Number of protein chains: 2
Amino acid sequence: MKKIAIAIHGGAGTIAPHLLTTELEKAYLKGLEDALKQGYETLKNNGSATNAVAIAVMCLEDNPLFNAGKGAVFNHIGGHELDAAIMQGIDLKAGAACGVTGIKNPVLLAKAIMEKSEHVMMAGNGAFEFARQNGIVIEDEAYFYTEHRYKQWQDLKDSENFQLDHSEVKSEKKFGTVGAVALDEQGNMAAATSTGGMTNKKFGRIGDSPVIGAGTYANNATCAISCTGHGELFLRSVVAYDISCLMEYKNFTLKQACDLVVYDKLVKIGGEGGLVALDAKGDIEMPFNSEGMYRAKININGDIEVKIYK
Amino acid sequence: MKKIAIAIHGGAGTIAPHLLTTELEKAYLKGLEDALKQGYETLKNNGSATNAVAIAVMCLEDNPLFNAGKGAVFNHIGGHELDAAIMQGIDLKAGAACGVTGIKNPVLLAKAIMEKSEHVMMAGNGAFEFARQNGIVIEDEAYFYTEHRYKQWQDLKDSENFQLDHSEVKSEKKFGTVGAVALDEQGNMAAATSTGGMTNKKFGRIGDSPVIGAGTYANNATCAISCTGHGELFLRSVVAYDISCLMEYKNFTLKQACDLVVYDKLVKIGGEGGLVALDAKGDIEMPFNSEGMYRAKININGDIEVKIYK
């Protein structure tokens, strides 16, 4: 049997155990497990890595617990601006949507951009128009409303502050992003990432998630990566492609490359967060330098792991 | 005396000699030389590389011959959507604006985002709002109108075609972008890029120019890069950071890294275009795999070169 493997994340940050009730923790773990298994089913049925990561991310987008799709945070003017990207390692094709509104599953828009357009990256109203023309499901504002996100926004909206995710305590930092990486039976890899960004974000801010090379990257020659963290620092560090280059140009293993970037380079510049990564052998790494990261994987032996803390 | 150096570009592509009248060619060369000298003056007066690239790019943005700022091409709905980025090698700080309208000098908006915001990348109306709040010069539509760009758009606007730049002949490809890299007396490097994108572009398309790592990158440990070319392929190849990684991780010289990326890796995937690059020694490379590239440089010996063809 050929090797298949998948890893997903639902964001990283200071996930204080005392704020996460047993019930809520269970819901997060179940949400991760459901998305993981749907992606894995795709791979088991000889589906492509591209489809597997899209399906896993779609599940996380549909789950209101995670900051992507339904459950995305409110921006400064009370709307939702969503970012997503997907890349496949077989041919380095990629698609990304930035700052889109009303798209149920931004990862499917990113996939349509990759597969049906001559472009890689589309933004705002233009990206919405492309979505409309290509049958991407559109939802009204009510769909994106969730009470806990609304409350978070109310707490912040008259201030100049923004929040990286959905923590109830302002001093906490959470990087609300979801993502997946997968290896399929054909030996192809793919990565996808989706996010609602920061609560109360302004100025059409774009983080690393939809940026190929920063938050999302896949290359059959090296690895597939999806990041979650302090977007600005991940952008400036070109994190995902950096890991790929360390493997390609310095012959680092996936683990060596991930360790250097997440525990050394990012820490030095205060770049809190983490990522999920896998390589052509099916090895999986899920490093994070924050207190926790919602994450799950099924390795080449079929072993499943779903975790939040270290 | 300490080493200073600067290189700029005004786009690459198939610049057919028979379409470029002697008069027009002179105007392009003069435009390049003027921008180059303004950037160089900044460096000579002990200005920072960051200021030098901003000033050089500003000159090119103000020149209607080049596809950036005034002279930017029309998009599908008859407007102008401008992208720009800047990065400085001393601290890897960066700023980028995507799909902004009405900004006289997008490079100055990118610089303000880098210097005055907590973010790296801003898009659309949000970026405009930030510009307004930070005293960035705003112009009305009339400022951005140029007759030759309007004609190009008229030729294309009822079609589904888009054009990479301002050629009169549709079969020609030009990648209309401007950019600069500089090394200052303190040994700091910087890079900046600005573009109006493609004539008749749709869907809020974003190319490589404003993407840190793809079209623009600077790192004192390696190099400063500004790209011009087929944006989608430059994005997927993470071109600028790839050159930096080849230097950092494989000990390539700037020339070796540029040659591999521009003449080999990009050519293999049909990625037409070029870039300007410099390293900490002040060595300058200006490789391109297209027919021509508007380019100019002043090296550490003060020698000036302004060229279009090979």
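Guide: Welcome! Two strands count as paired if DSSP finds at least two bridges between them. Strands themselves are DSSP runs of E with at least two residues, helices are runs of H or I with at least four, and both are numbered from the N terminus. This is a predicted model, in which local features need pLDDT of at least 70 and side-chain atom pairs count only at pLDDT 80 or more, while totals for chains, interfaces and linings use all residues. Residues are numbered from 1 along each chain as its sequence is written, chains are lettered from A and ligands numbered from 1 in the order in which they are written, and side-chain values use heavy atoms, with hydrogens and water left out.

Visitor: What makes strand 9 and strand 10 of chain B a pair?

Guide: Strand 9 of chain B meets strand 10 (residues 223-229) of chain B over three bridges, in the antiparallel sense. The rule asks for at least two bridges, so they pair. Within this pairing, Tyr217(B) has Ile225(B) as its bridge partner.

Visitor: Why are strand 9 and strand 12 of chain B said to stand at the edges?

Guide: In chain B, an open sheet of four strands follows the order 9-10-11-12, with antiparallel pairing. Strand 9 (216-218) and strand 12 (284-285) of chain B each have a single partner strand, so one side of each is left without a neighbour in the sheet.

Visitor: Which sheet does chain A hold in the order 9-10-11-12?

Guide: Chain A has an open sheet of four strands in that order, with antiparallel pairing. Its edge strands, 9 (216-218) and 12 (284-285), each pair on one side only. Thr216(A) stands opposite Ser226(A) in strand 10 of chain A.

Visitor: What makes residues of chain A and chain B count as being in contact, and how many are there?

Guide: Contact means heavy atoms within 4.5 Å. By that rule, 40 residues of chain A touch 40 residues of chain B. The area buried between the chains (accessible area, 1.4 Å probe, lost on putting them together and summed over both) is about 3,400 Å², and carbon and sulfur atoms give 66% of it. Phe203(A), Arg236(A) and Tyr249(A) lose the most area on the side of chain A, together 25% of what that side buries.

Visitor: How many salt bridges are there between chain A and chain B?

Guide: The count is zero. A salt bridge needs a side-chain nitrogen of Lys or Arg within 4 Å of a carboxyl oxygen of Asp or Glu. Over all chains, the structure holds 26 salt bridges.

Visitor: Why is the meeting of Lys111(A) and Glu115(A) called a salt bridge?

Guide: Their side chains come to 3.4 Å, N to O, and the limit is 4 Å, so the name applies. Both residues lie in helix 3 (residues 106-116) of chain A, four residues apart, about one turn of the helix. Side chains of opposite charge can pair when their charged atoms come close.

Visitor: Where does strand 8 of chain A pair with chain B?

Guide: Strand 8 of chain A is joined by two bridges to strand 4 (residues 121-123) of chain B, and the strands run antiparallel. Arg205(A) stands opposite Met122(B) there.

Visitor: Why is the relation of the two chains called a two-fold axis?

Guide: Chain A can be laid on chain B by a turn of 180° and a shift of 0.0 Å along the axis, with an RMSD of 0.0 Å (least squares on C-alpha atoms of residues with pLDDT of at least 70 in both copies). That is the relation of a two-fold axis. Of the residues of chain A, Tyr249(A) comes closest to the rotation axis, at 2.9 Å (C-alpha).

Notes: Buried area is the accessible area (1.4 Å probe) that two parts lose on being put together, summed over both.
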